[in-house]
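Trainee: I have a protein structure open and would like to learn how to read it. Could you take me through it step by step?

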Amino acid sequence: MGIEVKKSKIEVVSAPTGHEGPGFFATSLDKAVGMARKNSLWPLPFATSCCGIEFMATMASHYDLGRFGAERLSFSPRQADLLMVMGTIAKKMGPVLRQVYEQMAEPKWVLSMGACASSGGIFDTYSVLQGIDRIIPVDVYIPGCPPRPEQVLDGILQIQKLAASESIRRRDTPEYKEMLAKYGLE
Ligand code: SF4
């Protein structure tokens, strides 16, 4: 009786658009850099409450964030390019979150997961920050309380789109600098 071997479903990231011919392939630098950034996001999970548990489910084998090249979590801001804020952020914690953001090197993106991080959620109280975008810029918001892992994956896909299509020089543009200046950031 033979052993049934399942065919591997491992897929390779498709190459960016470019020009090819016998023995050569040429594309632009920003497309190559975008492809690399998109498929090697290093998330920093800033998880303070229940949304963090949902993120753990997203990391586990069933949803497997590793399929998106983002399984390498970083607890050091200097080795992360995606700040994922998940949970209630107390006003006292605001300066810490901001410091973590500032310690991350460019390029960096911010994903706000769930109602609490995005708007304070049900905690409309004196002690809770009513949305992290009051202190740091946010690229993608994930709605829900808590969002399901599928929504987290969708948020990651939106960040991937930004990372892939963002010009390598976007961070030097006047618009981006102006936006940072509104937050009192450099
Ligand atoms: S949005 Fe809901 S699940 Fe997420 S941290 Fe707030 S209360 Fe918890």
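Mentor: Gladly! Let's begin with a term: two residues are in contact if their C-beta atoms, placed from the backbone, lie within 7 Å. Helices (H or I, at least four residues) and strands (E, at least two) are DSSP runs, numbered from the N terminus. This is a predicted model, in which local features need pLDDT of at least 70 and side-chain atom pairs count only at pLDDT 80 or more, while totals for chains, interfaces and linings use all residues. Residues are numbered from 1 along each chain as its sequence is written.

Trainee: What is the secondary structure of the protein, and what pattern does it follow along the sequence?

Mentor: The protein has six helices and six strands. From start to end of the sequence, the pattern is β-β-α-β-α-β-α-β-α-β-α-α. Its C-alpha atoms fill a box of roughly 65 × 55 × 25 Å along the principal axes. Among contacts between residues at least 6 apart in sequence, 76% join residues at least 24 apart.

Trainee: How do I read burial, and what percentage of the residues count as buried?

Mentor: Count neighbours: a residue is buried if 20 or more other C-beta atoms lie within 10 Å of its own, exposed if 12 or fewer, and partly exposed in between, with C-beta atoms placed from the backbone. Of the 186 residues here, 27% count as buried. Take Val96, in helix H3 (residues 94-103): because Val96 has 12 C-beta neighbours inside 10 Å, it counts as exposed. Gln158, in helix H5, is partly exposed, since 16 other C-beta atoms lie within 10 Å. Helix H6 (residues 174-182) is hardly covered, with a count of zero buried residues among its nine.

Trainee: Which residues of H2 are buried, and which are exposed on the other side?

Mentor: The general idea comes first. An α-helix has 3.6 residues a turn, so residues three or four places apart point the same way. In H2, Cys51, Glu54, Phe55 and Thr58 are buried. These residues cover an arc of only 105° around the axis, so they sit on the same side of H2; the arc is that of the directions from the helix axis to the C-beta atoms. On the other side of H2, Ile53 and Met56 are exposed.

Trainee: What do the buried residues of H2 pack against?

Mentor: Their partners are strand E3 (43-47), strand E4 (82-86), strand E5 (109-113), H4 and H5.

Trainee: How do I describe two packed helices, and at what angle do H2 and H5 cross?

Mentor: Two packed helices are described by the angle between their axes and the distance between the axes. Axes are lines fitted to C-alpha atoms, for helices over the stretch in contact, and angles run from 0 to 180 degrees between N-to-C directions. Angles under 35 degrees count as roughly parallel, over 145 as roughly antiparallel, 65 to 115 as roughly perpendicular and the rest as oblique. The axes of H2 and H5 (residues 149-165) come within 9 Å and cross at roughly 75°, so the two helices are roughly perpendicular to each other. Glu54, Phe55, Ala57 and Thr58 of H2 meet Pro149, Val152 and Leu153 of H5 in this contact.

Trainee: Which residues surround the ligand?

Mentor: A residue is near a molecule or strand if its C-beta atom, placed from the backbone, lies within 6 Å of it. Around the ligand are Ser49, Cys50, Cys51, Gly87, Thr88, Gly114, Ala115, Cys116, Gly121, Cys145 and Pro146. Two or more of the shell residues come from each of helix H2 (50-59) and helix H4 (114-119). The largest share, three residues, is from H4.

Trainee: Where should I look for unusual backbone features?

Mentor: Most residues other than glycine have a negative phi, and most peptide bonds are trans. The bond from Cys145 to Pro146 is cis, with omega near -10°, and Pro146 is in the loop between strand E6 (140-142) and H5. Another cis peptide bond joins Glu106 and Pro107, with omega about 0°. Pro107 belongs to the loop between H3 and E5. As for phi, Asp64 has a positive value near 50° and is not a glycine; Asp64 lies in the loop between H2 and E4.
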